[in-house]
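Trainee: I would like to learn how to read a fold from contacts, burial and strand pairing. Where do we begin?

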Amino acid sequence: MEQLLLFDIDGTLTRTENGHLPFNQAILQTFGIAGDIRSVVPDGNTDPLIVKDIFIKANVEIEIGAERWQQFTAKLRASYRQHVMRGETTVRALPGAVKLLKALSVNDGFISSVVTGNFEATAEVKLAAAGLLNYLSRGAYASDSEHRSDLPAIAKRRCEVLTGQTIAADRCVIIGDTPKDLAAARDNGMKCLLVGTGRYPVEELLYWQPDGCLADLSDTHAVLTTLASL
Ligand SMILES: [Mg+2]
């Protein structure tokens, strides 16, 4: 039976340098307030909750309606594209990510998709910049819900519609780099493989007792072996 692999993006498949530049610019352009993503811990969080955290940290009281979020999403996408095009922000695939996704794409045993705290528009820009977009089917994004734990079920449903098959929750594996990825998996009865390529080293990730844990995705064979054991 197939496994549905739900990859996180930041710290799992990709690493971004100077991602604060487009993010902070989009905050200023949308809300007219200077906010700095470097003032909070964004790892594992969704973009809307990151923005709210930034304003809380800066003691700014603000109500953000649906229209404002749409504006922010559009500004963030445009700003990210611009910064990536100019080389001021870089998004690179982490070691082994391309090789792994290629191997999975020609293996009938797997469907690869995403569960990410990025808005869908920004996820596309990042994955395209890292050369990964074509290997991943449409998953779930912060534009679907600001709560990460809502996202795995949405991604699963989209993949079921795409393939015309029902996928059992325990055949789904969240692959991420933070305890928040693990919590989202647990909340949905899914398995979780954590990798030490984000903020948290393997020793710390092991403390949370994920179903699998690897230093990185560089050894395709080791990843496949771990997935087979879940
Ligand atoms: Mg992450």
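Mentor: Begin with contacts across the chain. This is a predicted model. Of the contacts in the protein with a separation of 6 or more, 62% are between residues 24 or more positions apart.

Trainee: What radius of gyration would a compact globule of 230 residues have, and what does the protein have?

Mentor: The rule for a compact globule of 230 residues gives a value near 17 Å, and the protein has 17 Å, so the two agree. Along the principal axes, the C-alpha atoms fill a box of roughly 50 × 35 × 30 Å. Buried residues are 43% of the 230, and the protein has 9 helices and 8 strands.

Trainee: How do I read one helix, say H3?

Mentor: Check its length, then its sides. H3 has 21 residues, which at 1.5 Å a residue should span 30 Å; the end C-alpha atoms are 30 Å apart, so this agrees. As for sides, an α-helix has 3.6 residues a turn, so residues three or four places apart point the same way.

Trainee: Which residues of H3 are buried?

Mentor: Phe 72, Thr 73, Leu 76, Ser 79, Tyr 80, His 83 and Val 84 are the buried residues of H3. They lie on the same side of H3, because their arc around the axis is only 145°. Glu 67, Met 85 and Arg 86, on the other side of H3, are exposed.

Trainee: Which elements do the buried residues of H3 pack against?

Mentor: They pack against helices H1 (20-31), H2 (47-57) and H5 (120-129), and against strand S3 (90-93). Just after H3, Gly 87 has a positive phi of about 80°.

Trainee: Why does Gln 70 count as partly exposed?

Mentor: Gln 70, in helix H3, has 13 C-beta neighbours inside 10 Å, and therefore counts as partly exposed; 12 or fewer would make a residue exposed. Gln 70 and Thr 30 are 40 residues apart in sequence, with their C-alpha atoms 9.6 Å apart in space.

Trainee: And how do I read a strand such as S7?

Mentor: Look at both faces, then at the partners. Lys 191, Leu 193 and Val 195 are buried on one side of S7, and Cys 192 and Leu 194 on the other. S6 (residues 172-176) runs parallel to S7, joined by 4 bridges, with Ile 174 paired to Cys 192. The chain passes from S6 through helix H7 (residues 179-187) to S7 in a right-handed β-α-β crossover.

Trainee: How many bridges pair S7 and strand S8?

Mentor: There are 3 bridges, in the parallel sense, and Leu 214 of S8 is the bridge partner of Val 195. With helix H8 (residues 202-207), S7 and S8 make a right-handed β-α-β unit.

Terms used: Residues are numbered from 1 along each chain as its sequence is written. This is a predicted model: local features need pLDDT of at least 70, side-chain atom pairs count only at pLDDT 80 or more; totals for chains, interfaces and linings use all residues. Helices (H or I, at least four residues) and strands (E, at least two) are DSSP runs, numbered from the N terminus. A residue is buried if 20 or more other C-beta atoms lie within 10 Å of its own, exposed if 12 or fewer, and partly exposed in between; C-beta atoms are placed from the backbone. The expected span of a helix is 1.5 Å times one less than its number of residues. The arc is that of the directions from the helix axis to the C-beta atoms. Two residues are in contact if their C-beta atoms, placed from the backbone, lie within 7 Å. The radius of gyration is taken over C-alpha atoms; the globule rule is 2.2 Å times the number of residues to the power 0.38. Two strands pair if DSSP finds at least two bridges between them. A crossover is right-handed if, with the strands pointing away from the viewer, the path from the first strand over the helix to the second runs clockwise.
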